[in-house]
Amino acid sequence: MVACCRGFGSIVALLSRCPFLDVNHQDKEGDTALMLAAQAGHAPLVCLLLHYFAGLDLERRDRRGLTALMKAAVRDRADCVAALLMAGADLAAVDPARGKTALEWAVLTDSFATVQRIRRLQRRPRAEQLSQHFQPQWPTPAGAKTPAAATPSILERLMATLRLSFAPSPEEGGVLDHLVTVTTSLASPFLTTACRTLCPGDPPALGARSKSVPEMLGTAPPPAPCPQPSPAAPDPRVLTPFQGPQGLLSVCSGWLQPRDSPRIILSKAPRMPRQDKPAPRPAGQPHHLALPRWQYQVRRAQSTEHMG
């Protein structure tokens, strides 16, 4: 939790190899490691938790009923919100206190970047995988014949001549976006022939729970069994019907068990009587305090009288 809150990525990557780590453990406020990383804005740590920690609970709630997606939306962490949504976080979940979703919390707290990112993901809810339908185009052989280009018509020539060219701004889904996707994803010829994704038929989608890398490779540890509550010992004050010897011994075994904690009785200590008596006040001065007689002075006077 401290590593995710402070942004210590190397420590989080090292802890991903620990098989005895409970990644869904909550503190006294109900926050998990994913919540702390999301609300702090550490998007690489959020992706690391989502991809390499098997059994991560995206819908775990804190004491106020907020999920990691809601906490990231309130703090305007757009990158963390996008990572959680593509990993399968529930966008329609509402908090029990005010009944608002993550998008409504983002609108309420003026998190405009988060609102824009959520609406953009809703328009394109499925990630594009160009490696499935991309065919590497190698150079044409020397003896091959190229098809002749069709001659443009007079109308096409006229429209191409009279068309005014303006410099449009880059828009989503345009040529610039397509070039960036082609050059940075699995659509390049080298990567398509040398690499294959782990889930080619299950690309990340909005609202679909994606598997972590240990789950895809089959190296994820099995989930821990739920602890079963121990049977409660019968109350000795409750009258039970007559049972056989075996049943009677089973009831008596509960009586013979030691108690959880001893009974402690607090009482006030008795007041000890005073051994020294206050010196009497002089008769002439009833309203004035008498000088105290120190013990060493009394003993010195007694020793002087004894020696004399």
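**Exercise 1. Salt bridges around K71**

Decide whether K71 is buried or exposed in this predicted model, and find its salt-bridge partners.

*Solution.*
Step 1. Take the accessibility of K71. The relative accessibility is 6%. The limit for a buried residue is under 20%, so K71 counts as buried.

Step 2. Look for acidic partners. One of them is D31, whose side chain meets that of K71 with an N to O distance of 3.3 Å. Another is D62, where the closest N and O atoms are 3.0 Å apart.

Step 3. Check the surroundings of the partners. D31 is buried, as K71 is. D62 counts as buried too, at 9% relative accessibility.

Step 4. Place the K71–D31 pair in the chain. The side chains of K71 and D31 form a salt bridge. K71 belongs to helix α5, while D31 sits in the loop between α2 and α3. The two residues are 40 residues apart, and the pair links distant parts of the chain.

Step 5. Put the pairs together. D31, D62, R64 and K71 are linked in a network of salt bridges. For the whole model, the count comes to five salt bridges.

**Exercise 2. A link between two helices**

Which parts of the chain does the salt bridge between R117 and D79 tie together?

*Solution.*
Step 1. Confirm the bridge. The closest N and O atoms of R117 and D79 are 3.2 Å apart, and the cut-off is 4 Å.

Step 2. Locate the residues. R117 lies in helix α8 and D79 in helix α6, so the bridge ties together parts that are 38 residues apart in sequence.

Step 3. Describe the exposure of each residue. R117 is partly exposed at 25% relative accessibility, and D79 is partly exposed at 45%.

Step 4. Add a neighbour of D79 in the chain. A78 is also found in helix α6, and at 11% relative accessibility A78 counts as buried. Leaving out residues up to four places away in sequence, A78 touches A113, T114 and R117. The C-alpha atoms of A78 and Q116 are separated by 8.6 Å.

**Exercise 3. The cover of helix α6**

How many of the nine residues of α6 are buried, and which helices do the buried residues pack against?

*Solution.*
Step 1. Count. Helix α6 spans residues 78–86, and eight of its nine residues are buried.

Step 2. Name the buried residues. They are A78, C80, V81, A82, A83, L84, L85 and M86.

Step 3. List the packing partners. The buried residues of α6 pack against α3 (33–40), α4 (43–52), α5 (68–74) and α8 (112–123).

Step 4. Look past the end of the helix. α6 is followed by G88, which has a positive phi near 115°.

**Exercise 4. The nonpolar core**

Which helix gives the largest share of the largest nonpolar core?

*Solution.*
Step 1. Start with the core itself. It has 42 residues, and those that touch the most other members are V12, L34, V46, L49, L50, L69 and L84.

Step 2. Find the contributing helices. At least two residues each come from α1, α3, α4, α5, α6, α7 (102–108) and α8.

Step 3. Pick the largest share. α6 supplies seven residues, the largest share of this core.

Step 4. Examine one member, L49. Leaving aside neighbours within four places in sequence, L49 is in contact with C4, V12, V23, A33, L34, A37 and L56.

Step 5. Relate this to a general tendency. In soluble globular proteins, nonpolar side chains tend to be buried together.

**Exercise 5. Cysteines without a bond**

Why is there no bond between the sulfur atoms of C47 and C80?

*Solution.*
Step 1. Recall the bond. A disulfide is a covalent bond between the sulfur atoms of two cysteines.

Step 2. Compare the distance with the cut-off. The sulfur of C47 is 7.7 Å from that of C80, its closest cysteine sulfur. A disulfide needs sulfur atoms within 2.5 Å, so this pair is too far apart for a bond.

Step 3. Repeat the check from C80. The closest cysteine sulfur is that of C47, again too far for a bond.

Step 4. State the total and the exposure. The count comes to zero disulfides. C47 is partly exposed at 29% relative accessibility, whereas C80 is buried at 1%.

Note on methods. Residues are numbered from 1 along each chain as its sequence is written. This is a predicted model: local features need pLDDT of at least 70, side-chain atom pairs count only at pLDDT 80 or more; totals for chains, interfaces and linings use all residues. Side-chain values use heavy atoms; hydrogens and water are left out. Buried means under 20% relative accessible area, exposed over 50%, partly exposed in between (1.4 Å probe, protein chains only). Helices (H or I, at least four residues) and strands (E, at least two) are DSSP runs, numbered from the N terminus. Contact means heavy atoms within 4.5 Å. A nonpolar core is a set of buried Ala, Val, Leu, Ile, Met, Phe, Trp, Tyr and Cys residues joined through side-chain atoms within 4.5 Å.
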